[in-house]
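Here are a few short exercises to work through with the model open. Try each one yourself before you read the solution.

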Amino acid sequence: MSSPDPQVRAARNPSSPPSSPSPATRGPVVAVTGAATGIGALLTERLAASEEIRQVVAIDERRGECAEARWHILDVRDPAIAEKLRGADVVVHLALDLDLGSDAAARTAYNVRGTQTVLTAAAAAGVHRVVLCTSAMVYGALPDNELPLSEDAELRATADATGVADLLEIERLARRAPRAHPGLNVTVVRPALLVGGTDTALTRYFESPRLLVVAGSRPAWQFCHVDDLCAALEYAVLEKVDGELAVGCDGWLEQEEVEELSGIRRMELPSAVALGAAARLHRIGLTPSPAGDLAYTMYPWVVSGSRLHSAGWRPRWTNEEVLAELLAEVSGRHTVAGRRLGRKDATAAGAAGATVALLGAAAVVRRARKARRRI
């Protein structure tokens with residue numbers, strides 16, 4: 001015979017103490033935006049499997065694969081999201097467009113308006129914590145940066161790199177939200193160079209036949225695996241840590257170490273040549289990466305992650321391991337100046353000794369001008 005339900009036993013014997021609720025029944029209800037793909041999908045699965053989470057509410061424009069989550073299909077810019085967030089304790093907002101191929105104006109409209117709507121809707125729904133994810137890129141890559149930067153370091157990035165203007169605006173919204181909505185706590189998580197199914201101007205750097213090194217620069221490479229980012233986001237969800245959080249592998253790799261580990265040789269160029277050619281190629285639409293992206297390959301933007309470490313979080317991945325995974329992911333891809341090439345084009349560029357990341361800028365620009373003259 002099966003044992004009676006605990007509530008039945010308590011009713012029969014009032015002197016017996018009631019059994020303690022399971023962690024899941026007393027844990028938070030967490031809503032995740034952008035839950036169908038990428039980091040959002042990984043975090044949704046992770047939280048749904050956690051005994052410390054009562055329920056996961058998944059929000060996206062299409063349904064994802066996590067069957068344990070309760071799904072709502074809508075655009076995060078829709079004010080109706082406030083009703084979908086009702087009953088949630090925490091919202092993790094991951095519905096961001098950082099695609100290199102997206103129209104810049106449309107991308108900014110989605111990212112900024114979406115974040116504004118989620119923050120306002122969360123406050124209206126009685127949510128007490130919103131977790132936002134930006135990037136350690138907001139600190140800026142500068143020759144005088146400390147190694148490593150503390151979480152409280154000034155955000156000195158400019159709007160010149162891909163998506164950084166949007167991230168800086170999201171940071172501004174995060175700082176303003178608790179004043180505009182008293183009682184709303186906002187935590188911002190800033191990962192280092194993210195790896196694990198990601199496609200960014202910086203991951204494409206490792207798809208080049210040579211690693212571009214700007215003469216006189218001082219690169220320092222720090223990575224963050226998406227698994228470690230999800231673990232850090234979970235810490236924020238469970239209120240084990242709050243405020244501005246930087247997350248990444250411990251330490252960093254010097255450029256020489258990256259070249260030795262990757263087996264990819266460098267191509268060194270004067271700063272004026274590299275930056276000037278990158279700017280021209282981007283201006284005529286031949287490459288997705290503006291010249292500002294090069295700064296993040298020239299100067300350090302390594303973060304300490306001290307707040308997460310103090311809370312007990314530790315990265316599972318090392319920089320060496322993440323670099324190895326990145327190289328495995330990009331194997332067979334060919335990129336120059338952030339622009340993907342077919343195998344034939346890449347072979348020709350390599351045989352011609354094309355300046356890495358610039359695709360023989362002069363030749364490309366000449367072809368573009370000839371094409372315009374034919375029209």
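**Exercise 1.** How many salt bridges does a search of the whole structure find?

*Solution.* This is a predicted model, and the search turns up 14 salt bridges. Let's pick one: the side chains of Arg129 and Asp242 meet at 3.9 Å, N to O. Arg129 sits in strand E5 (residues 129–133), while Asp242 is in the loop between helix H8 (226–237) and strand E11 (244–247), so this pair ties together parts that are 113 residues apart in sequence.

**Exercise 2.** Work out whether each partner in that pair is buried or partly exposed.

*Solution.* Start with the cut-off: buried means under 20% relative accessible area. Arg129 has 3% relative accessibility, so Arg129 is buried. Asp242 comes out at 39%, so Asp242 counts as partly exposed.

**Exercise 3.** Find the network of salt bridges that includes Glu259.

*Solution.* First, look at Glu259 and Arg266: their closest N and O atoms are 3.0 Å apart, and they form a salt bridge. Next, widen the view: Glu256, Glu259, Arg266 and Glu268 are linked in a network. Finally, check accessibility: Glu259 is buried at 15%, and Arg266 is partly exposed at 29%.

**Exercise 4.** Describe the largest pocket and its lining.

*Solution.* Begin with the volume, which is about 1,000 Å³. Of the 42 lining residues, Ile39, Leu96, Leu98, Thr198 and Thr200 are the closest to the centre. Then sort the lining by type: 23 nonpolar, 12 polar and 7 charged. Helix H3 gives the most to this lining, with 4 residues.

Key:
Residues numbered from 1 in each chain as written. Predicted model: local features only at pLDDT ≥ 70, side-chain atom pairs only at ≥ 80, totals over all residues. Heavy atoms only, no water. 1 Å grid on protein atoms, 1.4 Å probe; cavity = no way out; pocket = protein on both sides within 12 Å on 5 of 7 lines; lining within 4 Å. Points joined across faces, edges and corners; volume = space filled by probe spheres on them. Helix = DSSP H or I, 4+ residues; strand = E, 2+ residues; numbered from the N terminus. Nonpolar A, V, L, I, M, F, W, Y, C, P; charged D, E, K, R; others polar. Salt bridge = Lys/Arg side-chain N within 4 Å of Asp/Glu carboxyl O. Buried < 20%, exposed > 50% of the residue type's maximum accessible area, 1.4 Å probe, protein only.
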